[in-house]
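Please open the structure in the viewer and keep the sequence at hand. The tour proceeds from the whole chain to single residues.

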Amino acid sequence: MEAASCGCLGIQCPLQALFLLSACNCRGFEEDCDKIQINTDCRSRKIEELKHCPFAEICWYFTDSWEQFRINGTIETIDGSNPDPRKLQQREKCWFASSLNSRLQYLGPNPGLPRLNEEPPKEVILDRSIGPVGAFCVLVLDPEQVDYLNLKSNQRLVFTSTHATVGYNGRPSNRTLIFRGFQGDTDKIQIHTDSTSRKIDELKHCPFAEICWYFTESWEQFRIKGRIDIVDGSNPDPVNLQTMSVDFTFDPVWDVEMKSIDEREKSWFARSPRSRLLYLDPGHPLVDEESPKEVSIDPSAGPVDAFCLLVHDPEQVDYLNLKSNQRLTFTSRHKVNGDKWWTSEKINP
């Protein structure tokens, strides 16, 4: 799975219960069923979050086929204290299926805590025949709904199990979105979306979100927490709808006269005419199986009502490098005059 050009945006209320599985390493399915297995450290923060709210969503995006799978359901935690002997056997099987190097990670210091010693950790030797250590934990996701999207064929299907109860009830919700750059000279991240999509109602209910990027070549992960600002045609914020000067008066590519436009319009005209056609009515049942009628759009026309700009204002960045086994957190602070500055801290991977 490649996610270098895309990010997984998770929306959850309350923020304390936010749990994204977008960058976790799935270890396959449980035998003869559709339950997904994930190995993790029982000392990590996600375990406490799952005890508070046992619902989660996995988001997979495959760049070769342009397919996205959003799988949400209930998480079961299997650690060494589980009273079910079958679950303990399952945990042991997952342990021995892991490589020796991956097992060594569970012998390190508590993940997420500040590093007190800058010296490199001492070499640890682990007996291959020894069973799982106390920190090793298996998460089992029981899928309740799968939202499938194919961007090549422009098809979307929702598969729901008979016991699913998905709604605005504190369960996490994430999806793959394309990074559209930063806003001006700031660290705010821009994302384009449809104002009729479900994420807009979720953000109005709780404006906090987390972006998760994972770069497969460098083995780097960025988890970016912050607050989302919704910029649609009715946005009253003069900062987002202010007139912005541009350095050109004519765009020969789209044959559009560009004099002065607001932030939302600037994002609209930065898109190709074909991508602008996507802002129809996503997420609703398809009542007509016939091929949709061809729709044309005037390249000089401004943004349609459904076009929406999301602006993610970062508050904390959790950076993890799996090659160097380093992890840092960057936290934003605000000065008296409103300017933002960042502090960093090394923590255990």
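The stops below begin with the overall fold and then turn to two loops.

**Whole protein.** The model shown is predicted. Select the entire protein and display its secondary structure: seven helices and 18 strands are present. Next, colour the 349 residues by relative accessibility; 40% of them are buried. With the surface displayed, the protein exposes about 20200 Å², and carbon and sulfur atoms account for 53% of that area. If contacts are drawn between residues at least 6 apart in sequence, 65% of these contacts join residues at least 24 apart.

**First loop.** Select strand 2 (26–29) and strand 3 (36–41), then the loop between them, where Asp-32 is located. What is the sign of phi at Asp-32? The angle is positive, about 60°, although Asp-32 is not a glycine. Now show the surface around this residue. Asp-32 counts as exposed because its relative accessibility is 81%, and the cut-off for exposed is over 50%.

**Second loop.** Move to strand 16 (307–321) and strand 17 (326–334), and select Asn-325 in the loop that lies between these strands. Its backbone also merits inspection: phi of Asn-325 is positive, near 55°, and the residue is other than glycine. How exposed is Asn-325? Its relative accessible area is 44%, so Asn-325 is partly exposed, a class that falls between the cut-offs of under 20% for buried and over 50% for exposed.

**Final view.** Display both residues together: Asp-32 is exposed, whereas Asn-325 is partly exposed.

Terms used. Residues are numbered from 1 along each chain as its sequence is written. This is a predicted model: local features need pLDDT of at least 70, side-chain atom pairs count only at pLDDT 80 or more; totals for chains, interfaces and linings use all residues. Side-chain values use heavy atoms; hydrogens and water are left out. Helices (H or I, at least four residues) and strands (E, at least two) are DSSP runs, numbered from the N terminus. Buried means under 20% relative accessible area, exposed over 50%, partly exposed in between (1.4 Å probe, protein chains only). Contact means heavy atoms within 4.5 Å. Accessible areas come from the Shrake-Rupley method with a 1.4 Å probe; for residues, only the protein chains shown count as cover.
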